[in-house]
Amino acid sequence: MVFEPPKRLVRALGETAPDGDDWLEELPGAAQRAVALRELTVERVQVPGGRSSLVVLVRAADGTPAVLKLAPGRARPEAERAALAHWSGRGAVQLLEPFSAEGVLLLERLHPDVSVRSLPEAKALLEAAGTLRRLWVEPPAGFPFETVSERTGRQAEAMRARAQAAPEVAPLVDVALAAREELLAAPPEHRLLHGTFRQSKVLAGERMPWLAVGPDPVVGECAFDLARLVRDRVEDLIAQPSGAATTRRRVKRLAESLDVDQERLRGWTLFRAVESGVRAGRVGRPRDAELLLEFASWL
């Protein structure tokens with residue numbers, strides 16, 4: 001089988017490696033080797049798939065359905081492996097192969113085309129929040145993960161640079177950076193977080209109704225993790241005449257349902273929305289940038 005990377009993956013990696021990507025060029029051969037080494041039967045490449053990895057639906061030699069995932073080093077696949085091993089199936093997809101070649105993960109097969117995003121909005125938020133709660137555990141000793149401070153510090157530098165190149169975003173960037181400084185001054189807890197949690201990251205399973213996939217794990221406070229969920233379906237929120245009020249109600253409802261401080265959730269939601277909006281503008285996605293920055297202005 002020829003492992004053709006989906007267009008979505010090629011486009012996304014092009015944003016982070018505009019001068020070309022050796023990993024993409026080597027991907028077909030790496031996938032062939034990973035399949036042969038494990039004696040897997042390939043069913044299909046998942047399309048449209050993710051923005052940072054190739055996902056292949058396979059069967060093990062004994063017929064067990066599984067997922068083979070290949071990701072470049074900058075997507076931090078080894079951190080994902082460590083987090084999945086620590087969760088050990090609690091709220092997240094099960095790792096089937098604790099140790100394997102760098103950048104290759106063999107995972108429990110879920111229903112790849114059925115996420116909580118397929119549910120009505122209120123139900124989707126409820127199920128997603130319940131899944132997220134199960135992931136918030138103490139990190140392992142000597143954990144190999146970034147902290148929220150470290151990750152957002154890198155992001156803050158890129159935001160400042162963008163604000164200099166695009167002065168129209170500078171006021172929102174200043175507010176977001178000030179919020180970050182205040183939030184980092186006294187974090188209330190130290191938990192292992194999913195890192196990139198949203199409705200599309202929660203898939204239907206057999207072992208449990210819903211399980212999280214695709215973490216970019218980070219260690220810090222729970223409000224940081226929940227913040228990305230607040231802006232799910234942002235295009236729908238922007239289209240509503242009452243979008244701003246709906247967003248504020250969502251912040252309140254999610255904070256109360258997961259025992260997270262509402263103001264801290266609002267602050268991290270603001271920072272993460274501005275960071276994503278600024279990044280979208282930098283890589284040539286002006287429509288996404290406009291939506292995200294308008295959303296951030298409501299907070």
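This report describes a sheet, a helix that packs on the sheet, and a pair of packed helices in a predicted model.

## The sheet

Four strands form an open sheet in the order β1-β2-β3-β4, and their pairing is antiparallel. The edges are β1 (41-45) and β4, each of which pairs on one side only. From one strand to the next, the twist averages 30 degrees.

Strand β2 covers residues 54-59 and pairs with β3 in the antiparallel sense over 6 bridges. One bridge joins Arg59 to its partner Pro65 in β3. Strand β3, residues 65-70, also pairs with β4 in the antiparallel sense, here over 5 bridges. On this side, Leu70 has Val104 of β4 as its bridge partner.

## An edge strand that is buried

Is β4 buried or exposed? The strand runs from residue 104 to 108, and 5 of its 5 residues are buried, so β4 is largely enclosed by the rest of the structure. This holds although β4 is an edge strand of the sheet, pairing on one side only.

## The helix on the sheet

Which strands does helix α3 touch where it packs on the sheet? Helix α3 (residues 77-87) touches β3 and β4, and its direction makes about 35 degrees with that of β4.

The buried residues of α3 are Pro77, Ala79, Glu80, Arg81, Ala83, Leu84 and Trp87. Among the elements that cover them are the two strands β3 and β4, along with α4 (121-135) and β7 (191-193). Just after the helix comes Ser88, which takes a positive phi of about 50 degrees.

## Two packed helices

Two packed helices are described by the angle between their axes and by the distance between those axes. For α7 (residues 222-230) and α9 (residues 243-257), the angle is about 140 degrees and the axes lie 10 Å apart. Angles over 145 degrees count as roughly antiparallel. The angle here is about 140 degrees, which makes α7 oblique to α9. The crossing of the two helices is right-handed.

Which residues make the contact? Helix α7 contributes Leu226, Leu229 and Val230, while α9 contributes Arg250, Val251, Leu254 and Ala255. By class, the residues of this contact divide into 6 nonpolar, no polar and 1 charged.

Key:
Residues are numbered from 1 along each chain as its sequence is written. This is a predicted model: local features need pLDDT of at least 70, side-chain atom pairs count only at pLDDT 80 or more; totals for chains, interfaces and linings use all residues. Side-chain values use heavy atoms; hydrogens and water are left out. Axes are lines fitted to C-alpha atoms, for helices over the stretch in contact, and angles run from 0 to 180 degrees between N-to-C directions. Angles under 35 degrees count as roughly parallel, over 145 as roughly antiparallel, 65 to 115 as roughly perpendicular and the rest as oblique. A crossing is left-handed if the near helix is turned anticlockwise from the far one by less than a right angle, and right-handed if clockwise. Contact means heavy atoms within 4.5 Å. Ala, Val, Leu, Ile, Met, Phe, Trp, Tyr, Cys and Pro count as nonpolar, Asp, Glu, Lys and Arg as charged, and the others, Gly among them, as polar. Buried means under 20% relative accessible area, exposed over 50%, partly exposed in between (1.4 Å probe, protein chains only). Two strands pair if DSSP finds at least two bridges between them.
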